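Reader: I should like to go through this model region by region. Please explain the reasoning behind each reply.

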Amino acid sequence: MPLPRGKKATVTAGSRIPKLHATKKENQEEGSQVKRSSSPPHGAPKKRTAFIDITNAVGLGLSDYRPNTESSLRTAHKVQISLPGRKKESAKTTAKKTSSSSVSAKNQANLKKSSSVSSEGTTPETERADAVEEKPCEEEAQKDAAAPVEELVAVAPPAAREVPAHLQRQQIPEEFDIDSENSEDSYMCPEYAKDIFDYLKRREEKFVLCNYMPKQPSLNPEMRAILIDWLVEVQENFELYHETLYLAVKMTDHYLSQTPVHREMLQLVGSTAMLIASKFEERSPPCVDDFLYICDDAYKREELISMEASILQTLSFDVNIPIPYRFLRRYAKCVNAGMDTLTLARYYCEMSLMEMDLVPERGSLLASACLLMALVTKDLGGWTPILQFHSGYQTSDLEPVIRRLYLMLVAPPDDKLRAIRNKYSHKHPHVDTQTIVFCV
């Protein structure tokens with residue numbers, strides 16, 4: 001039965017009608033509708049846009065595009081493309097991968113190929129289409145060749161790397177291990193506690209001071225002692241940590257060692273150092289107005305902020321200075337010292353802050369000497385091997401500092417400087433204050 005005009009035959013799944021005739025018919029119909037330009041006179045080169053033949057071939061499908069004999073006879077300038085048998089999938093993927101960024105590079109390559117046309121009549125368009133289809137084949141071949149290598153690499157186990165000597169963890173003998181009991185407490189950092197204090201001890205070399213009073217024309221050791229006595233009262237009134245007090249004193253000494261300060265500005269330096277230390281150590285540091293209030297409004301807000309910037313710039317913003325109090329708590333843990341022994345050692349350590357002769361001493365050495373004095377005072381023995389292992393000091397290294405501390409304690413007390421003595425004379429249920437009061 002003939003089909004009505006304008007309709008095409010539908011091919012069902014079970015139909016055996018070959019697609020060759022349908023493709024040929026479609027090519028004839030589409031070829032008649034394509035607008036072609038007339039041939040130029042006298043054999044002049046034909047004007048065309050770049051890749052017009054490729055785009056036409058892609059639109060029709062490279063696998064279905066076959067030369068039409070009848071249309072080629074009628075149209076002499078029709079382009080004939082002789083392509084080997086390829087799969088439709090490779091042609092479609094090639095058309096999708098062709099991007100606008102690579103058009104100019106491909107165009108130049110194709111123009112070079114067109115200059116060397118073979119005697120068999122192969123056109124530049126044919127070479128261009130062949131080059132477009134050969135690229136996916138090459139990519140697939142490369143992928144197939146690289147696949148076994150990737151599988152072998154994935155299966156092979158990674159080579160073990162040796163840890164550098166400076167990154168290897170130090171082996172601590174079992175009798176000197178004081179951190180394994182806190183293995184369940186992440187806040188105590190038992191895996192890194194020894195490394196942390198070794199690092200702090202190495203940093204002490206950067207913050208070694210000398211007697212800087214000759215560089216201060218308007219200051220003397222007594223003025224510095226009065227300032228520290230006042231900072232102890234500030235620490236008690238604001239209920240700050242002991243670390244805050246020690247860090248404020250250290251920053252004050254480092255600033256005075258590099259910058260000459262007039263005596264009228266000494267209190268401003270101390271209060272500003274306490275403000276910076278509070279920001280570094282405290283969870284809830286006091287505000288600027290609080291420090292202006294304790295100075296009895298002797299300075300303005302702008303002066304305190306300006307002094308803060310000056311101190312930070314002088315210290316190059318490196319305020320993590322190792323302080324004796326941290327080492328003292330660490331070494332007291334080595335011998336399981338009680339609260340009364342630790343408090344006595346803390347008293348010795350805070351009293352040493354007021355002595356100008358002890359400013360050049362390292363914090364770890366000063367803490368070790370104070371703890372040894374407390375142990376001897378409480379009849380708890382001397383310097384044990386575990387203390388020597390964690391501190392790195394022997395008894396002979398502590399003797400000069402202990403001698404200075406003893407002279408400090410037996411000296412007649414100054415009635416103007418009683419803040420530390422009053423602080424450690426309070427009764428505490430877990431501290432025996434009789435020993436401390438006796439030392440006062």
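**Questions on a predicted model**

Reader: What is the mean pLDDT of the protein?
Author: This is a predicted model, so confidence should be considered first. Of its residues, 59% reach a pLDDT of 70 or more. The mean pLDDT of the protein is 74.

Reader: Over which residues does pLDDT stay under 50?
Author: One such stretch, for which the model has 29 contacts beyond four places in sequence, is residues 47-67. Another, with 18 contacts of that kind, is residues 116-129.

Reader: How many helices and how many strands does the protein have?
Author: The protein has 440 residues, of which 37% count as buried. Among contacts with a separation of 6 or more, 79% join residues 24 or more positions apart. As for secondary structure, there are 0 strands, and the number of helices is 19.

Reader: How does the reach of α12 compare with the span expected for its number of residues?
Author: Helix α12 runs over residues 301-314 and has 14 residues. At 1.5 Å a residue, the expected span is 20 Å. From the first C-alpha to the last, α12 is close to that value, reaching 20 Å.

Reader: Why can the buried residues of α12 be said to line one face of the helix?
Author: The buried residues of α12 are L304, M307, E308, I311 and L312. On the other side of the helix, E302 and Q313 are exposed. Seen down the axis, the buried residues of α12 line one face because they fall within an arc of 130°.

Reader: Which helices are included in what covers the buried residues of α12?
Author: The residues to be covered are L304, M307, E308, I311 and L312. Their cover includes α9 (242-256), α10 (266-281) and α11 (288-294).

Reader: Is F317 buried or exposed, given its positive phi?
Author: Most residues other than glycine have a negative phi. Phi of F317, in the loop between α12 and α13, is near 60° and thus positive. S316, which follows α12, also has a positive phi, near 55°. With a relative accessible area of 58%, over the 50% cut-off, F317 is exposed.

Reader: What is the relative accessible area of N336?
Author: N336 lies in the loop between α13 and α14 (339-352). Its phi is near 55°, a positive value in a residue other than glycine. N336 is exposed, and its relative accessible area is 64%.

Reader: Which residues does P322 touch, not counting those up to four places away in sequence?
Author: P322 is placed in the loop between α12 and α13, and it is buried, with a relative accessible area of 6%. Its C-alpha is separated by 8.1 Å from that of F207, although their positions lie 115 residues apart along the chain. The residues touched by P322 are L200, R203, E204, F207, K250 and F327.

Reader: Is F238 buried, exposed or partly exposed?
Author: F238 is in the loop between α8 (221-237) and α9. Beyond four places in sequence, F238 touches P286, D290, F291 and I294. F238 and P285 are 47 residues apart in sequence and 9.1 Å apart, C-alpha to C-alpha. At 25% relative accessibility, between the cut-offs of 20% and 50%, F238 counts as partly exposed.

Reader: Which helix gives the most to the lining of the largest pocket?
Author: The largest pocket has a volume of about 850 Å³. Of its 22 lining residues, the closest to the centre are M188, F197, E243, R326 and R329. Both α7 (193-203) and α13 (324-334) supply at least two residues of the lining. The helix that gives the most, with 6 residues, is α13.

Reader: Which helix gives the most to the lining of the largest cavity?
Author: The structure holds 3 cavities of 30 Å³ or more, and the largest cavity has a volume of about 100 Å³. Residues lining the largest cavity include R224, V249, K250, D253, P324 and S352. K250 is also among the residues that P322 touches. With 3 residues, the helix that gives the most to the lining of the largest cavity is α9.

Key:
Residues numbered from 1 in each chain as written. Predicted model: local features only at pLDDT ≥ 70, side-chain atom pairs only at ≥ 80, totals over all residues. Heavy atoms only, no water. pLDDT = per-residue confidence, 0-100. Contact = heavy atoms within 4.5 Å. Helix = DSSP H or I, 4+ residues; strand = E, 2+ residues; numbered from the N terminus. Expected span 1.5 Å × (residues − 1). Buried < 20%, exposed > 50% of the residue type's maximum accessible area, 1.4 Å probe, protein only. Arc of directions from axis to C-beta. 1 Å grid on protein atoms, 1.4 Å probe; cavity = no way out; pocket = protein on both sides within 12 Å on 5 of 7 lines; lining within 4 Å. Points joined across faces, edges and corners; volume = space filled by probe spheres on them.
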